[in-house]
Amino acid sequence: MLLSLSIWLPIVSGLILLALGRDDQAKTVRWLALVAAIASFAVTLPLITGFKVDTAAMQFVENFYWIERFNIHYHLGVDGISMWFVPLTAFITIIVVLAAWEVIEHRVNQYMGAFLVLSGLMVGVFSALDGMLFYVFFEATLIPMYIIIGVWGGPRRVYAAFKFFLYTLAGSLLMLIALLYLYLKSGGSFDIQAWHKLPLPLDAQTLLFFAFFAAFSVKVPMWPVHTWLPDAHVEAPTGGSVVLAAIMLKLGAYGFLRFSMPIAPDAAREYAWFIIALSLIAVVYIGLVALVQKDMKKLVAYSSIAHMGFVTLGFFIFNELGVSGAIVQMISHGFVSGAMFLSIGVLYDRVHSREIAAYGGVVNTMPKFAAFALLFAMANCGLPATGGFVGEWMVILGTVKYSFWLGAIAATALVFGAAYTLWMYKRVYFGAVTNDNVRGLTDINGREFLMLAVLAVAVLWMGVYPKPFTDVMHASVTELLKHVAVSKLQ
């Protein structure tokens with residue numbers, strides 16, 4: 001029941017908060033949201049302590065009929081590929097609740113409720129082992145995020161929310177057709193693990209591969225279907241940007257591992273060059289685009305696209321270093337990008353500007369905050385001993401093993417990452433104080449210090465001691481690669 005608790009505790013808590021419904025109860029709502037978020041995280045901890053690292057089998061499995069007539073099951077389970085994303089999702093939700101504590105003053109219950117519901121739905125995506133259950137959770141995540149951007153976002157929030165919704169929904173419709181085809185081909189089963197064993201001809205695999213690609217590439221997002229992300233990030237409130245970067249982008253990447261590669265392994269090998277090419281374009285071209293941004297949020301949004309290019313690159317070089325490195329990158333990016341957007345949010349709450357030119361010399365007035373921001377900036381560059389380094393380095397090593405020249409191109413991301421991140425940090429934090437807004441800044445309070453300190457510990461922990469993460473995923477990644485290596489052609 002642990003997975004069900006991880007899903008439904010935040011969802012039910014969020015719905016209760018939605019029902020409270022008045023701003024004069026804001027203080028109570030904030031505390032209830034924090035308690036619910038902490039409780040939701042607490043129920044995921046036994047997943048970590050009770051997880052068996054020496055097997056690729058699904059663990060903590062729950063399976064019973066949901067809609068018996070169509071053989072749709074409420075089927076949950078996690079393996080080494082998905083396990084870490086459950087506690088990561090719950091952890092980020094706590095951070096988001098803390099981040100909004102003083103900033104959100106109106107419709108507090110709806111804001112907190114939307115994030116709790118979203119948290120449960122995202123855990124459902126990582127846990128679902130039934131195709132239709134996965135699709136329901138996958139699509140349902142759009143609703144709270146659409147509301148979060150559309151209600152609490154910036155001046156162009158409605159445009160950004162519509163663009164986000166339409167891009168992601170359009171891609172998912174092709175996935176639905178693929179799921180229905182697999183349902184019929186498997187004799188009326190939505191069991192994802194049974195689909196992995198279907199002997200499908202290459203033409204069918206190709207169509208399935210690109211149907212899944214349409215859904216998952218938009219969600220990652222891969223170049224050239226990435227244009228919704230900078231708009232969504234810029235207009236979203238700080239909490240929305242944190243969850244979008246830390247968790248929601250990972251839903252698409254996770255889909256490649258759970259659907260595209262194991263269900264259509266021959267097509268995955270056949271079209272790996274296509275994914276690798278798009279990934280390298282994201283790494284290099286988007287890195288250059290990030291260099292010229294004037295808006296801090298937009299810069300970090302493009303940075304996320306470049307980092308996620310490493311993830312898809314790692315998957316499709318089909319070696320353990322690459323795939324494991326890509327999953328580590330997904331987890332560490334959750335901490336690092338979340339911390340980067342929170343840091344921008346701290347400044348925006350005080351100055352109400354995201355423009356780099358509106359700052360300068362922040363270290364003089366906010367020394368504690370500047371120290372945290374420097375750590376997160378270094379992690380975003382991929383500095384050794386931070387979480388941002390481990391996954392990228394593993395993917396680069398795996399890519400060099402696959403092809404030296406592709407590895408060399410991928411490694412340029414470390415140069416571009418350092419260029420755009422440190423250039424931004426220099427202009428915002430270093431130098432003399434340039435204007436009255438910066439002169440009047442006050443350093444972070446206890447609440448802000450706590451959430452940034454917790455993220456700093458997570459970033460350093462992943463960088464110094466990534467073994468617990470790689471141990472968990474080793475057996476499942478090995479099994480996946482064995483499965484993809486064996487032809488399913490009949």
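Here is a short tour of one helix, one buried leucine and a few salt bridges.

You're looking at a predicted model, where local features need pLDDT of at least 70, side-chain atom pairs count only at pLDDT 80 or more, and totals for chains, interfaces and linings use all residues. Residues are numbered from 1 along each chain as its sequence is written, and side-chain values use heavy atoms, leaving out hydrogens and water.

**Stop 1: helix H2.** Select residues 26-42 (helices are DSSP runs of H or I, at least four residues, numbered from the N terminus). Its buried residues, including Val29, Arg30, Ala33 and Leu34, fall within an arc of 165° seen down the axis, so they line one face of the helix. The arc is that of the directions from the helix axis to the C-beta atoms. Buried means under 20% relative accessible area, exposed over 50%, partly exposed in between (1.4 Å probe, protein chains only). Flip to the face turned away and you'll find exposed Lys27 and Val35. The buried residues of H2 pack against H1, H4 and H5 (contact: heavy atoms within 4.5 Å).

**Stop 2: Leu47.** Next, pick Leu47 in helix H3. Leu47 counts as buried, at 0% relative accessibility. Among the residues Leu47 touches are Leu3, Phe60 and Val86.

**Stop 3: salt bridges.** A salt bridge here puts a side-chain nitrogen of Lys or Arg within 4 Å of a carboxyl oxygen of Asp or Glu. Show Arg156 and Asp231, whose closest N and O atoms are 3.9 Å apart; the pair sits 75 residues apart and links distant parts of the chain. Add Lys163, since Arg156, Lys163 and Asp231 are linked in a network.

Key
Helices (H or I, at least four residues) and strands (E, at least two) are DSSP runs, numbered from the N terminus. Lists of a residue's contacts leave out its neighbours within four places in sequence.
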